[in-house]
Amino acid sequence: MKLAAFLVVLLLLQPYSAISQGTRPNIIIMQPDDLQFFDEWTRPPNNPTTSDKTINFPVAGLPNIDSLRLNGLQMKEAYTASPVCGTSRYSTLTGKYPSRSGMVRQHAQENSNGDPALVTIPTTKLVDLDGINDCTKENIAVQFTNNGYRTGMIGKWHLSKINKIEYTYAGAVETVKQCGFSTVEGLYIENLASEGGFNNYSDGTFSHNMEWITYEAVQFINSQDEKPFFLYFNPTVPHSSNDVGDALTKFTCQDTANGKLGFDPVIKGMTEQYGNCADYRESIYNRADTEDDYGPIWLDDSVGAIITALEDKGVLDNTIFLFQLDHGMET
């Protein structure tokens, strides 16, 4: 998974003139948050302590995600560079091990007692520090921008250090843009709020919202700007910091991290056929057999909507769509 993203960087570092304007592909990297590895995908095997555990598709299936696998390239021995979401995402964007980040190296220098580098989510952010320019130079979004791409970040970020007291949604958007993205929408700056803990920049008025972020992704794809694009698309689903079932029933698709949306997003291949979000969300319940199915079904619909948008714009055959887990599972 990480290797594929790194190879994209190698391609784009060639001289701009060496790559034909008409043949440069669009790139989408989609990283769902804490999605499990399904048995239908085969490999990697379960952890020996849970060798009999099964993780199967919903009975209704995941037709859109599986179409990527069956009609594309499945990487069966792709292992994450780090076992937690923030640090793994650092590697996706930089092509480096998290231990090479400026923040981690600074911490190691300040605590030179022989301990290994402290690779944690709070200490592995995309920042410029001590000559290591992870935010403004050394990541794939910046390289895409420098090579004539428009760049978009939608969904969960988890890679900036923001003062909790001074947080505003607009301010967070500007912070992420500094790391190479011309468009930042549908932003979740960190994990969603967990009961009893730090509120993670959430006031409790919103939760997982696949309609919101998918709508923003489709809007980005459909831009009138004819430049090729790079889209970093990160659903919060199915991360357990907020219950997906509660998100579907106790919140609406108009409840966002940027306030009330004011309308139900109409998304071809997702909400359009139902006419409104409430009926669409009811369909997720109808297709699920267990609570564990809600997140994967919601994600699969989003993948289908994005594929439909690419088809309708006529760019599907010139788009590399990399779907990957953020930090995988124990093997």
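Biologist: Is K125 buried or exposed, going by its relative accessible area?
Modeller: In this predicted model, K125 has a relative accessible area of 5%. The cut-off for a buried residue is under 20%. K125 is therefore classed as buried.

Biologist: Where in the chain does K125 lie?
Modeller: Helix α4 covers 102–110 and strand β2 covers 128–129. K125 belongs to neither element, and its place is the loop between α4 and β2.

Biologist: Which residues is K125 in contact with, leaving aside its neighbours within four places in sequence?
Modeller: S101 is 24 residues from K125 along the chain, and the C-alpha atoms of the two are 7.5 Å apart. S101 is not on the contact list of K125. That list consists of Y90, M103, D134, H158, L159, S160, K161 and E190.

Biologist: D134 is on that list; what is the relative accessible area of D134?
Modeller: D134 sits in the loop that runs between β3 (132–133) and α5 (140–146). Although D134 is in a loop, it is classed as buried. Its relative accessible area is 0%.

Biologist: Which residues does D134 touch, not counting those up to four places away in sequence?
Modeller: K125 is one of them, and the contact also appears among those of K125. Y90 is touched by D134 and is in contact with K125 as well. The full set for D134 is Y90, T94, K96, S101, G102, K125, L126, V127, D128 and N139.

Biologist: Y90 belongs to α3; how many of the ten residues of helix α3 are buried?
Modeller: Helix α3 spans residues 85–94. The buried residues are C85, G86, T87, S88, R89, Y90, S91, T92, L93 and T94. The helix is largely enclosed by the rest of the structure, because its buried residues number ten of the ten.

Biologist: What phi does G95 take just after α3?
Modeller: Helix α3 ends at residue 94, and G95 comes just after it. The phi of G95 is positive, at about 75°.

Biologist: Which residues other than glycine have a positive phi?
Modeller: One case is in the loop between β1 (26–30) and α2, where phi of D34 is near 70°. That residue counts as partly exposed, since D34 has 27% relative accessibility. Another is in the loop between β2 and β3, at an exposed residue with a relative accessible area of 56%; its phi is about 50°. The two residues are D34 and D130.

Biologist: What is the omega of the cis peptide bond that joins V237 and P238?
Modeller: P238 is placed in the loop between β6 (229–234) and α8 (244–250). The bond from V237 to P238 is cis, and its omega is about 0°.

Biologist: How do α9 and α10 pack, and what is the angle between them?
Modeller: Helix α9 takes in residues 277–287 and helix α10 residues 294–313, with the axes 9 Å apart and an angle of about 125°. That angle makes α9 oblique to α10. The crossing is right-handed. The angle asked for is about 125°.

Biologist: How many nonpolar, polar and charged residues make up the contact of α9 with α10?
Modeller: From α9, the residues are Y280, R281, I284, Y285 and R287, and they meet Y294, I297, W298 and D301 of α10. The division is six nonpolar, no polar and three charged.

Biologist: Where α2 and α10 cross, which residues of α10 are met by α2?
Modeller: The axes of α2 (residues 63–70) and α10 come within 7 Å and cross at roughly 60°, so the two helices are oblique to each other. The contact contains seven nonpolar, three polar and two charged residues. P63, N64, I65, S67 and L68 form the α2 side. On the α10 side are P296, L299, D300, D301, V303, G304 and I307.

Biologist: What distance separates the C-alpha atoms of L322 and L73?
Modeller: L322 is in strand β9 (residues 319–323) and, at 12% relative accessibility, counts as buried. L322 and L73 are 249 residues apart along the chain. Their C-alpha atoms are separated by 9.4 Å.

Biologist: For the protein chain overall, what percentage of the residues is buried?
Modeller: The chain has ten helices and nine strands. It exposes about 15400 Å², of which carbon and sulfur atoms supply 50%. Among its 331 residues, the buried share is 52%.

Definitions and conventions. Residues numbered from 1 in each chain as written. Predicted model: local features only at pLDDT ≥ 70, side-chain atom pairs only at ≥ 80, totals over all residues. Heavy atoms only, no water. Axes fitted to C-alpha atoms, helices over the stretch in contact; angles between N-to-C directions. Helix = DSSP H or I, 4+ residues; strand = E, 2+ residues; numbered from the N terminus. Parallel < 35°, antiparallel > 145°, perpendicular 65-115°, else oblique. Left-handed = near helix turned anticlockwise from the far one by under 90°. Contact = heavy atoms within 4.5 Å. Nonpolar A, V, L, I, M, F, W, Y, C, P; charged D, E, K, R; others polar. Buried < 20%, exposed > 50% of the residue type's maximum accessible area, 1.4 Å probe, protein only. Areas by Shrake-Rupley, 256 points an atom, 1.4 Å probe, with all protein chains shown as cover.
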